[in-house]
Amino acid sequence: MSRITGGEILKRILEKENVRYVFGVPGDQLYPFLNAIYDSDIKFITFHDEAAAAHAADAWARTTGEIGVVTATVGPGVANLVGGIYPASSENIPMLVITAQNQTFRSYPDHGSMQALDQYSLLHAVTKWNAVINSWNRITEITERAIRMAFYGSPGPVHIDIPSDILHQTGEENDVKIKNPNEYRATGRIRPDDETVKMICEEIRRAKRPLIHAGGGVLRSGASEELLELAELMNIPVTTSISGRGSIPEDHRLALIPQSYGAINAQSEADLVIVLGSKLGDLDFFGRPPIWGDLDKQRFIQIDISGEQIGMNRPVTIGAVGDIKATLRSIIERLKAESAMPEEREYIAIYKDLEKQWTGQFEEYMTSDAVPMHPLRVIAEVRSFYPRDSIAVIDGGNTTVWSHYANRVFLPNTFLSSSAGDSGYIGTGIAYAIAAKLARPRNKVYCITGDGSFGYNVSELETARRLGIHFTCVVLNDDSWGMIKSGQTLYYDKRYVGVDFGSMDYAEIAKGMGCFGETVRTPSELKEGLRRAEKSNLPAVLDVKIEKGLTPPDFQTLAEIWLEGCEPPPKEIKQETTQIIQ
């Protein structure tokens, strides 16, 4: 009989889950796990920073629906993970975080070991569930439990902390039973009871101005097809949260771009709102009037996989716990069985006209040939260059806001942006692009990023080059932390502190890592640069020099959301500062 290490057990569990990649940074304590992977179809992808590796695991899960796996070694390696896990934790992304720990006899509590860290407590705040594995005999049980928890209810990151002596320890192979996923976790979908579905259908048929609001839960559930079918069946307009973008094509006749004039009017005037997989957070204005209807008049149905989200930010008429895809299927089948007929809803055309007015205010800047280039000109050019099924990675502060105006999303899981999500986290762009390209090698991938955000993990260009994958990063370079500078412009009379960089040549940095790099200053250079970047078949960077000192028109609204309840700054805000160009 043969003996196997704890690292070998861990590898076999991941193989049963059909894990294809483990992202991470290697370390001494991880040797048995790394050695087990050597003879496996699982590929270990090493990054320069653990946070970037976690971002890649996050993006893998967002793009594929599969669990993302990241690993780090004891102490500093695990400390670096925190920022990488946080966006996934904020947006319910299933990840398995594997950390090596000092030996069992040195840990919990530590008594002076080098690189000692209470990793359990540190990662507890950014994971859904975590545990320390202190026995070789419990590796299978606890790892399987962690994966089960990653998918149970609202998905999220989970963490297992394994002391190095447990990873190195050997035991009899026959004593280990690695189960198939369906043997230790539910793989079906839960749905509400028939009475709840009946009540929801009655509300839909009764409503004169219904609206569907789709959150990120629609994408996590893979329910875009059902969302579209229900909307078309009953002729109901659809808005999305920022995290829900891509759940319906944004050029569909029933889709209203988030935060556009059409969407805001639809949300405030609807007599029934069906909220799918959204907690109604601050970028949804917490479901409050006047962006939404009066609490005593507008009826709310909220459907979510987790009961704790129901009614969190707004009272509901009906709260239903269930998988979005399965629940929508039940609703559709019942409506069809009852021969429910869609109404002609003439007001939808009014909302679409309002949406056109909203997008129309940006067209001058999207088509401008001015130099330095306006951010909207850059983003519009990039979006028009790439096919509908391209994956857009958006990273940055003001860059994310500008991109919202000009970068349309048409398909599920083709919009990756932690900076636009609940975490508001920047610096994920390159790692997200790497994982997106690994997940969907046939799709074009482009990353629109601010220069500050790009600098976080620029070293991962080498990772992309080493992997032989291609995507293009378009850096909107204004030599500053643009969003914070906008706030100091609006509120503090341009008393700038800590917001300006020295000049950096990102094209040359890219070339130094074997990637394609080019500096862009004009619209014609941008068009040609995009073509050359694609033709290079390398990780590519276009360093685009944009006009400095611009403030997005919705910045003031965002600032008021983020600083709600804070005493207003001493400087009176003038109306003209909300214009696109100062």
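This note goes through selected local features of a predicted model.

1. **Helix α1 and its burial.** Start with α1, residues 6-16. Eight of its eleven residues are buried, so α1 is largely enclosed by the rest of the structure. The buried residues are G6, G7, E8, I9, L10, K11, I13 and L14. Note that E8 and K11 are on that list.

2. **The ends of α1.** T5 caps the N-terminal end of α1. The cap rests on a side-chain oxygen of T5, which lies 3.3 Å from the backbone nitrogen of G7. On the other side, α1 is followed by N18. The phi of N18 is positive, near 60°.

3. **Packing of α1 on α2.** The partner helix α2 covers residues 31-38. The two helices pack at an angle of about 50°, and their axes are 7 Å apart. That makes α1 oblique to α2. The crossing of α1 past α2 is right-handed. From α1, the residues in the contact are G7, E8, L10, K11 and L14. From α2, they are P32, F33, A36 and I37. By class, this contact has six nonpolar residues, one polar and two charged. G7 therefore appears twice in this part of the model: its backbone nitrogen faces the T5 cap, and G7 also meets α2.

4. **Packing of α9 on α13.** A second helix pair is worth checking. Helix α9 (residues 194-206) packs on helix α13 (residues 324-337). The angle is about 65°, with the axes 10 Å apart. Here too the crossing is right-handed. α9 contributes D194, V197, K198, I200, C201, I204 and R205. α13 contributes S330, I331, R334 and L335. Six residues of this contact are nonpolar, one is polar and four are charged.

5. **Y108 and P109.** Look next at the loop between β5 (95-101) and α5 (119-124), where P109 lies. A cis peptide bond joins Y108 to P109, with omega at about 5°. Y108 is in the loop between β5 and α5 as well. Its phi is near 50°, a positive value in a residue other than glycine. How accessible is Y108? Y108 is partly exposed, at a relative accessible area of 33%.

6. **P289 and P290.** Another cis peptide bond joins P289 and P290. Omega is about 5° at this bond. P290 sits in the loop between β12 (272-276) and β13 (299-304).

7. **H252.** This histidine is in the loop between β10 (238-240) and β11 (255-256). Is H252 buried or exposed? H252 is buried, because its relative accessible area is 13% and the cut-off for buried is under 20%. A polar atom of the H252 side chain lies 2.9 Å from the backbone nitrogen of L254. Not counting residues up to four places away in sequence, H252 touches L228, E232 and K352.

8. **N413.** The loop between α17 (398-406) and β16 (415-416) holds N413. N413 is not a glycine, yet its phi is positive, at about 60°. N413 counts as buried, with 15% relative accessibility. Y108, by contrast, counts as partly exposed.

9. **P523 in helix α23.** Helix α23 spans residues 523-536, and P523 lies in it. P523 counts as buried at 7% relative accessibility. Which residues surround P523 once its neighbours within four places in sequence are left aside? P523 is in contact with S368, D369, V371, M373 and R377. A146 is 377 residues from P523 along the chain, and their C-alpha atoms are separated by 50 Å.

10. **E528 in the same helix.** E528 is also found in α23. At 36% relative accessibility, E528 counts as partly exposed, whereas P523 counts as buried. E528 and R220 are 308 residues apart in sequence. In space they are 37 Å apart, C-alpha to C-alpha.

Technical notes: Residues numbered from 1 in each chain as written. Predicted model: local features only at pLDDT ≥ 70, side-chain atom pairs only at ≥ 80, totals over all residues. Heavy atoms only, no water. Axes fitted to C-alpha atoms, helices over the stretch in contact; angles between N-to-C directions. Helix = DSSP H or I, 4+ residues; strand = E, 2+ residues; numbered from the N terminus. Parallel < 35°, antiparallel > 145°, perpendicular 65-115°, else oblique. Left-handed = near helix turned anticlockwise from the far one by under 90°. Contact = heavy atoms within 4.5 Å. Nonpolar A, V, L, I, M, F, W, Y, C, P; charged D, E, K, R; others polar. Buried < 20%, exposed > 50% of the residue type's maximum accessible area, 1.4 Å probe, protein only. Polar contact = N/O pair within 3.5 Å; in protein donor to acceptor, adjacent residues only side chain to side chain.
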